[in-house]
Amino acid sequence: MTFFLTDEEVVMLTDYEKPALQCRQLRKMGLSFEVGRTGKPKILREVVAKRLGGRVRRDAEVNVKALSRL
């Protein structure tokens, strides 16, 4: 899983394919984003998950403290 939404996910979220229209829709939705060099919006997956009330799945991390107690 990547930190940013894919191009396909941005289209699904905004219902627009053109980057300028995507940016306009994202502003209306109140989602923060940055515009990349290509003009496409870059949206953190975590921003969308928080806004929509979900949680971002994190990859499992090793609990080093717990292992050191063994």
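Student: How confident is the predictor in the protein overall?
Tutor: This is a predicted model, and the protein averages a pLDDT of 87, with 76% of the residues scoring at least 70.

Student: Where is confidence lowest, and where is it highest?
Tutor: Helix α4 (residues 64–68) has the lowest confidence, at a mean of 66, while β2 has the highest, at 98. Where pLDDT is low, the predicted coordinates should not be read in detail.

Student: What makes up the secondary structure?
Tutor: You have 4 helices and 2 strands, and along the sequence they follow the pattern α-α-β-β-α-α.

Student: Why is the contact between Lys40 and Asp7 called a salt bridge?
Tutor: The cut-off from a side-chain nitrogen of Lys or Arg to a carboxyl oxygen of Asp or Glu is 4 Å. Lys40 and Asp7 sit at 3.1 Å, N to O, so the pair is within 4 Å and counts as a salt bridge.

Student: What does that pair tie together?
Tutor: Lys40 lies in the loop between β1 (34–35) and β2 (41–42), and Asp7 in helix α1 (residues 7–14), so the salt bridge ties together parts that are 33 residues apart in sequence.

Student: Why are Lys40 and Asp7 called partly exposed?
Tutor: Partly exposed is what lies between the buried cut-off, under 20%, and the exposed one, over 50%. Lys40 has 36% relative accessibility, so partly exposed fits. Asp7 has 42%, so the label is again partly exposed.

Student: How do you know that Glu9 and Arg45 form a salt bridge?
Tutor: Their side chains meet at 3.0 Å, N to O, and because that is within 4 Å, the pair qualifies. This one links distant parts of the chain, with Glu9 in helix α1 and Arg45 in helix α3 (residues 45–51), 36 residues apart.

Student: Are Glu9 and Arg45 buried or partly exposed?
Tutor: Arg45 is at 17% relative accessibility, under 20%, so Arg45 counts as buried. Glu9 is at 27%, so Glu9 counts as partly exposed. Across the 70 residues of the protein, 21% count as buried.

Student: How many salt bridges are there in the whole structure?
Tutor: The search finds 3. Among them is Glu46 with Lys50, at 3.2 Å, N to O. Both of these residues lie in helix α3, 4 residues apart, about one turn of the helix.

Student: What makes Lys50 exposed and Glu46 partly exposed?
Tutor: Lys50 has a relative accessible area of 60%, which is over 50%, so Lys50 is exposed. Glu46, at 30%, falls between the two cut-offs, so Glu46 is partly exposed.

Student: Which residues form the nonpolar patch on the surface?
Tutor: Phe3, Phe4 and Leu44, with about 330 Å² of accessible area together. Leu44 lies in the loop between β2 and α3. A patch member needs over 30% relative accessible area, and Leu44 has 38%, so Leu44 passes that test.

Student: How do you know that Lys42 lies over the face of Phe4?
Tutor: The distance limit is 6 Å from the ring centre, and Lys42 is at 5.9 Å, so the distance condition is met. As for aromatic pairs, the search of the whole structure finds 0.

Student: What is notable about phi of Asp15?
Tutor: Phi is near 65°, a positive value in a residue other than glycine. Asp15 lies in the loop between α1 and α2 (19–29). At 65% relative accessibility, over 50%, Asp15 therefore counts as exposed.

Technical notes
Residues are numbered from 1 along each chain as its sequence is written. This is a predicted model: local features need pLDDT of at least 70, side-chain atom pairs count only at pLDDT 80 or more; totals for chains, interfaces and linings use all residues. Side-chain values use heavy atoms; hydrogens and water are left out. Buried means under 20% relative accessible area, exposed over 50%, partly exposed in between (1.4 Å probe, protein chains only). Patches are made of residues with over 30% relative accessible area and no salt bridge: like charges are joined within 9 Å, nonpolar side chains (Val, Leu, Ile, Met, Phe, Trp, Tyr) within 5 Å. Accessible areas come from the Shrake-Rupley method with a 1.4 Å probe; for residues, only the protein chains shown count as cover. Rings of Phe, Tyr and Trp (its six-membered ring) pair if their centres lie within 6.5 Å; planes under 30 degrees apart count as stacked, over 60 as edge-to-face and the rest as tilted. A charge sits over a ring if NZ of Lys or CZ of Arg is within 6 Å of the ring centre and within 35 degrees of the ring normal. pLDDT is the predictor's confidence in each residue, from 0 to 100.
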